[in-house]
Amino acid sequence: MVFAAGLGTRMRPLTDKTPKPLVTVAGRTLIDRALDDFARAGVETAIVNVHHLADQIETHLADRREPRIVISDERAVLLDQGGGIKKVLPLIGDDPFFICNTDAFWFGAPQSNLLALAQAWNADEMDAALLLAPTQGSVGVDWDGDFDLSHEGRIIRRAGPKPYVYSGVGLIKPQLFAQESSDVFKLAPFFFSAAERGRLFGVVSTGLWLHVGTVAAIAEAEKAIHAQGR
């Protein structure tokens with residue numbers, strides 16, 4: 001599930017005419033960077049939700065074959081991430097599935113972070129597992145981190161600065177949403193609830209993580225990429 005329906009308010013005025021997933025960083029759009037990573041990891045189908053400037057995203061993805069693209073149309077009502085997932089659960093089935101934001105990516109990872117997350121998955125212990133990146137050293141991180149980790153890899157929520165940020169990529173069970181009756185709702189509370197039950201785990205990613213959440217962050221990301229020679 002690739003989240004491409006957001007308004008991109010922090011990137012205005014750029015996103016007034018260009019949807020955030022189609023913002024280009026070092027010659028490649030953000031959504032193509034994400035989808036290329038999934039294709040290399042062997043993911044065969046990506047459900048992409050659309051709302052803001054949806055026609056542009058649909059046109060951009062029309063010729064993509066790997067992964068196969070299924071559009072989830074949210075033009076009428078923006079469902080937020082949780083609601084966007086609920087809408088497509090009939091397409092997902094009962095198995096765990098990847099989720100992915102489109103405002104961040106990795107550069108120079110020695111191995112696939114997606115495969116690392118899949119290899120760490122343990123359905124008996126986990127309801128969700130998130131890819132994390134170091135708060136210090138990642139590009140575009142303008143906050144004090146999101147999570148800490150226990151020795152067993154469980155995600156810990158606590159006050160104050162934290163060593164890891166959520167990368168926007170996770171692997172989750174569809175059963176988390178079985179009792180949800182609303183159509184529009186946020187995803188984060190489901191993560192927090194899983195953490196309270198000790199069933200939210202984290203996997204620390206490799207490579208340089210670049211968060212492109214503002215217009216200024218585009219230049220920062222391109223500078224970091226250029227510094228590494230690509």
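Let me start with the lining of the largest pocket: α3 (80-92), β11 (164-172), α5 (188-196) and β13 (208-211) each supply at least two residues to it. Before going further, please keep in mind that this is a predicted model.

The largest pocket holds about 970 Å³ of space. Its lining is made up of 33 residues, and those nearest the centre are Lys 20, Gln 81, Asn 101, Asp 103 and Tyr 166. By class, that lining divides into 15 nonpolar, eleven polar and seven charged residues.

Two of the residues nearest that centre, Lys 20 and Asp 103, deserve a second look. Asp 103 and Lys 20 form a salt bridge, with 3.5 Å between the closest N and O atoms. Asp 103 sits in the loop between β6 (97-100) and β7, and Lys 20 in the loop between β1 (2-3) and β2 (24-25), so this pair ties together parts that are 83 residues apart in sequence. Are these two side chains on residues that are buried or exposed? Asp 103 has a relative accessible area of 14%, so it counts as buried. Lys 20 is at 19%, and because the limit for buried is under 20%, Lys 20 is buried as well.

Next, the second largest pocket. Its volume is about 470 Å³. There are 18 lining residues, and Asp 37, Arg 40, Trp 106, Phe 107 and Gly 108 are the ones nearest its centre. Which elements supply at least two residues each to this lining? They are α1 (30-40), β7 (104-107) and α4. The classes here are nine nonpolar, four polar and five charged residues.

Now to charge pairs in general. Side chains of opposite charge can pair when their charged atoms come close. Over the whole structure, the search finds 16 salt bridges. I have already described one of them, between Asp 103 and Lys 20; here are two others.

One is between the side chains of Asp 148 and Arg 158, at 3.2 Å from N to O. This pair links distant parts of the chain, with Asp 148 in strand β9 (residues 148-149) and Arg 158 in the loop between β10 (155-156) and β11, ten residues apart. Arg 158 is partly exposed, at a relative accessible area of 36%.

There is also a network: Arg 28, Asp 32, Asp 36 and Arg 64 are joined by salt bridges that share partners. Within that group, the side chains of Asp 36 and Arg 28 meet at 2.9 Å, N to O. Asp 36 is partly exposed at 22% relative accessibility, and Arg 28 is partly exposed at 32%.

Last, one residue by itself: Asp 127. Where is it placed? Asp 127 is in the loop between α4 (113-120) and β8 (128-134). Its relative accessibility is 11%, so Asp 127 counts as buried. The side chain of Asp 127 makes a polar contact of 2.9 Å with the side chain of Arg 197. What else is Asp 127 in contact with, leaving aside neighbours within four places in sequence? Besides Arg 197, the list has Trp 121, Ile 172, Lys 173, Leu 176, Ala 194 and Arg 199.

To recap the pockets, the volumes are about 970 Å³ for the largest and about 470 Å³ for the second largest. The buried pair to remember from the largest pocket is Asp 103 with Lys 20.

Definitions and conventions. Residues numbered from 1 in each chain as written. Predicted model: local features only at pLDDT ≥ 70, side-chain atom pairs only at ≥ 80, totals over all residues. Heavy atoms only, no water. Helix = DSSP H or I, 4+ residues; strand = E, 2+ residues; numbered from the N terminus. Buried < 20%, exposed > 50% of the residue type's maximum accessible area, 1.4 Å probe, protein only. Polar contact = N/O pair within 3.5 Å; in protein donor to acceptor, adjacent residues only side chain to side chain. Contact = heavy atoms within 4.5 Å. 1 Å grid on protein atoms, 1.4 Å probe; cavity = no way out; pocket = protein on both sides within 12 Å on 5 of 7 lines; lining within 4 Å. Points joined across faces, edges and corners; volume = space filled by probe spheres on them. Nonpolar A, V, L, I, M, F, W, Y, C, P; charged D, E, K, R; others polar. Salt bridge = Lys/Arg side-chain N within 4 Å of Asp/Glu carboxyl O.
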